[in-house]
Amino acid sequence: MGASAVTLSPYMGSDSLNPFTAADPSKGAFVLCKTSNPSSNEVQTLKTSSGLMVYEEVAKITEETWNVNGNVGLVVGATDITAITNVRKSAPSVWILAPGVGAQGGEPE
C-alpha cells in the first residue's frame with residue numbers, strides 16, 4: 001500500500017488489528033474509539049460488565065494489548081471533552097488523534 005498509518009475499527013478484535021499493529025512497528029494505526037457523530041452513543045457509550053463504557057474498554061485494551069510496539073493511537077472526537085478525559089485515564093500513554101477542531105466545534109484547549 002505504501003501508507004504510513006491506517007485507521008481501524010476495534011469491533012472485530014485483535015485478530016483483525018494485529019496484521020496492522022504487530023507486523024511492522026514503523027507503521028502506525030489509529031483505532032476508532034469515541035467518534036463525534038451523534039449516533040455513536042448507540043454503541044460507544046454502552047456500559048460493559050466492568051462498568052466502563054465500550055469506548056473506555058477500547059482505550060484500555062489499546063493501552064494494555066494492541067499498543068505493544070508503541071505504534072497505535074486512538075481516534076477520539078475533539079468535540080467530546082469528557083470522552084477525551086476518560087480515554088486519557090484509560091490509556092495514558094497512547095496517542096490521541098482528535099478530529100473536529102475548528103469547523104466542527106472542537107477547541108484545541
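Q: Hi! How much of this chain counts as buried?
A: Hello! This is a predicted model, and in it 37% of the chain's 109 residues count as buried.

Q: Nice. How many helices and strands does the chain have?
A: There are 4 helices and 4 strands.

Q: And what pattern do they follow along the sequence?
A: Reading along the sequence, you meet β-α-β-α-α-β-α-β.

Q: Okay, what about overall size? What would the radius of gyration be for a compact globule with 109 residues?
A: A compact globule of that length would come out near 13 Å, and the chain has 14 Å, so the two agree. If you prefer a box, the C-alpha trace spans about 35 × 35 × 25 Å along its principal axes.

Q: Let's go inside. Which residues have the most contacts in the largest nonpolar core?
A: Those are Val31, Cys33, Val58, Leu74 and Val87, in a core of 19 residues. At least two core residues come from each of strand S1 (5-8), strand S2 (28-34), helix H3 (54-66), S3 and H4.

Q: Which of them gives the most to this core?
A: That would be H3, which supplies 5 residues.

Q: You mentioned Leu74. What is Leu74 in contact with, leaving aside its neighbours within four places in sequence?
A: Quite a list! Among its partners are Phe30, Val31 and Cys33, then Val58, Ala59 and Thr62, and further along the chain Val87, Trp95 and Leu97.

Q: Thr62 is in that list. Where is Thr62 placed?
A: Thr62 belongs to helix H3.

Q: Is Thr62 buried or exposed?
A: Buried, because its relative accessibility is 0% and the cut-off for buried is under 20%. Beyond its neighbours within four places in sequence, Thr62 is in contact with Val31, Asn67, Val72, Leu74 and Val94. The C-alpha atoms of Thr62 and Gly73 are 7.8 Å apart, with their positions 11 residues apart along the chain.

Q: New topic: where is Asp80?
A: Look in the loop between strand S3 (72-76) and helix H4 (81-90).

Q: How would you class Asp80, and why?
A: Asp80 is partly exposed because its relative accessible area is 24%, and that class runs between 20% and 50%. For a sense of distance, its C-alpha atom is separated by 23 Å from that of Ser49, which is 31 residues away along the chain.

Q: Last thing, the charges. How many positive and negative side chains are there?
A: The chain has 6 positive and 10 negative ones, and the centres of the two sets lie 3 Å apart.

Q: And what about the accessible surface?
A: That comes to about 6,200 Å², with 57% belonging to carbon and sulfur atoms.

Conventions: Residues are numbered from 1 along each chain as its sequence is written. This is a predicted model: local features need pLDDT of at least 70, side-chain atom pairs count only at pLDDT 80 or more; totals for chains, interfaces and linings use all residues. Side-chain values use heavy atoms; hydrogens and water are left out. The radius of gyration is taken over C-alpha atoms; the globule rule is 2.2 Å times the number of residues to the power 0.38. Buried means under 20% relative accessible area, exposed over 50%, partly exposed in between (1.4 Å probe, protein chains only). Accessible areas come from the Shrake-Rupley method with a 1.4 Å probe; for residues, only the protein chains shown count as cover. Lys and Arg count as positive and Asp and Glu as negative; His and the chain ends are not counted. The place of a charge is taken as NZ of Lys, CZ of Arg, CG of Asp or CD of Glu. A nonpolar core is a set of buried Ala, Val, Leu, Ile, Met, Phe, Trp, Tyr and Cys residues joined through side-chain atoms within 4.5 Å. Contact means heavy atoms within 4.5 Å.
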